[in-house]
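Q: Hi! I have a protein open on my screen and would like to learn how to read it. Could you take me through it step by step?

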Amino acid sequence: MIRFDGAVLRNGGFSLRADLTVLGPGICAIVGPSGAGKSTLLLALAGFASIGAGRLMIGEQDVTALPPAQRPVSVLFQDHNLFAHLDVAANVSLGLRPDLRLNAAQKSRVQQVLQHTGLQGLSARKPAMLSGGQQQRVAIARALLRDRPVLLLDEAFGALGPGLRREMLTLVRTVAVEQNLTVLMVTHEPEDARAIADHVLFVAQGQVHPPLPTAEFFAAPPRAVADYLGLD
Ligand SMILES: Nc1ncnc2c1ncn2[C@@H]1O[C@H](COP(=O)(O)OP(=O)(O)OP(=O)(O)O)[C@@H](O)[C@H]1O
């Protein structure tokens, strides 16, 4: 469970009000107009944007003042930040140990995750020898190894074609269910939300609106959402 209590999220001169609960585990899509504050919301969850008032709870923990590395959160941005000089296995292993000194059990977990993300045959390749989708899978594999209960995706699949995009969404869904994750996923594609989200959360007009069940969000959208979706 994620809860913002009367929170004001700050990103430079921009501020965003948030007073809501996201129930987990499950997938919550974040939609809204460009510049509304969707990334700011994820940055605040990850600890990279400050919370100027109120508080943020993740599970039973008040994380309002916790630095990013100590939060129970892993983040995947569109720019997947792989290290060019490290092969796939090493890039993924960074999720477990930044110094790459893995014991046998940890090495076997890396192999498991590589298999799960369909990368087992590619573990010795450097990122430059991978397709965009394969690179994104490496980034997902690394995020999954971090074993944090909350996964944040910021337009993580925006650069992929429709087939790969669907494949990645399915992978996220599968892994979220298997690992009991709470996933918050910013997307510009309402179809992504329809495809895998349990809830949809709308960000607009300086405010994060409470999440609605996906079917309800699309079937009976509030006025501002209908405008955003281009419905009459
Ligand atoms: N470092 C910053 N300093 C000042 N203002 C910022 C900073 N980063 C973002 N902003 C502003 O904060 C507002 C929210 O930005 P944010 O990136 O959260 O929106 P978004 O909904 O994710 O947008 P998009 O869909 O276009 O990616 C925007 O008006 C943006 O110009």
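A: Gladly! Let us begin with the idea of contact: two residues are in contact if their C-beta atoms, placed from the backbone, lie within 7 Å. Keep in mind that this is a predicted model.

Q: Let me try that on one residue. What does D5 touch, not counting residues up to four places away in sequence?

A: D5 touches D19, G54 and R55. You will find D5 in strand β1, residues 2–11. A chain can also bring distant parts of its sequence together: D5 and A53 are 48 residues apart along the chain, and their C-alpha atoms are separated by 8.9 Å.

Q: How do I judge whether D5 is buried, exposed or partly exposed?

A: Count the C-beta atoms around it. A residue is buried with 20 or more others within 10 Å, exposed with 12 or fewer, and partly exposed in between. D5 has 15 other C-beta atoms within 10 Å, so it is partly exposed.

Q: What should I look for in the interior?

A: In soluble globular proteins, nonpolar side chains tend to be buried together. Here the largest nonpolar core has 66 residues, and I30, L41, L152 and V183 touch the most other members. Helix α4, residues 132–145, provides the largest share of this core, with seven residues. The core draws at least three residues from each of domain 1 and domain 2.

Q: Which residues is L41 in contact with, leaving aside its neighbours within four places in sequence?

A: L41 is in contact with L9, L16, A18, I30, V203 and V208. I30, one of these partners, is also among the core residues that touch the most other members.

Q: Let me look at α4 as a helix. How can its span be checked?

A: Multiply the rise per residue, 1.5 Å, by one less than the number of residues. For the 14 residues of α4 this gives an expected span of 20 Å, and its end C-alpha atoms are 20 Å apart, which agrees.

Q: How many of the residues of α4 are buried, and what covers them?

A: α4 is mostly covered, with 11 of its 14 residues buried. Among the buried ones are Q135, V138, I140 and L144, and also R137 and R142. Their cover includes β6 (73–77), α2 (88–93), α3 (104–116), β7 (150–154) and α5 (162–178).

Q: Now the ligand. Which residues surround it?

A: Read the shell along the sequence: N11, G12, G13 and F14, then G32, and then S34, G35, A36, G37, K38, S39 and T40. By class, this shell has two nonpolar, nine polar and one charged residues. Helix α1, residues 38–46, gives the most to it, with three residues.

Q: Is α1 mostly covered or mostly open?

A: α1 is mostly covered: seven of its nine residues are buried. These are K38, T40, L41, L42, L43, A44 and L45. K38 and T40 therefore combine two roles in our reading, being buried and part of the ligand's shell.Q: Where does the backbone do something unusual?

A: Most residues other than glycine have a negative phi, and most peptide bonds are trans. L100 has a positive phi of about 65° although it is not a glycine. L100 is found in the loop between α2 and α3, and with 13 other C-beta atoms within 10 Å, it is partly exposed. D147 also has a positive phi, of about 55°, and lies in the loop between α4 and β7. With 13 other C-beta atoms within 10 Å, D147 is partly exposed. Just after α1, G47 takes a positive phi of about 95°.

Q: Which residues are joined by a cis peptide bond?

A: G24 and P25 are joined by one, with omega about -5°. P25 sits in the loop between β2 (14–22) and β3 (26–31).

Q: How is the protein divided into domains?

A: Domain 1 covers 2–72 + 148–229, and domain 2 covers 83–147. Their centres, taken over C-alpha atoms, are separated by 25 Å. The contact takes 10 residues from domain 1 and nine residues from domain 2. On the side of domain 1 that touches domain 2, α5 gives the largest share, four residues. The residues of that side divide into nine nonpolar, no polar and one charged.

Technical notes: Residues numbered from 1 in each chain as written. Predicted model: local features only at pLDDT ≥ 70, side-chain atom pairs only at ≥ 80, totals over all residues. Near = placed C-beta within 6 Å. Nonpolar A, V, L, I, M, F, W, Y, C, P; charged D, E, K, R; others polar. Core = buried A, V, L, I, M, F, W, Y, C linked by C-beta atoms within 7 Å. Domains from an automatic or database assignment.
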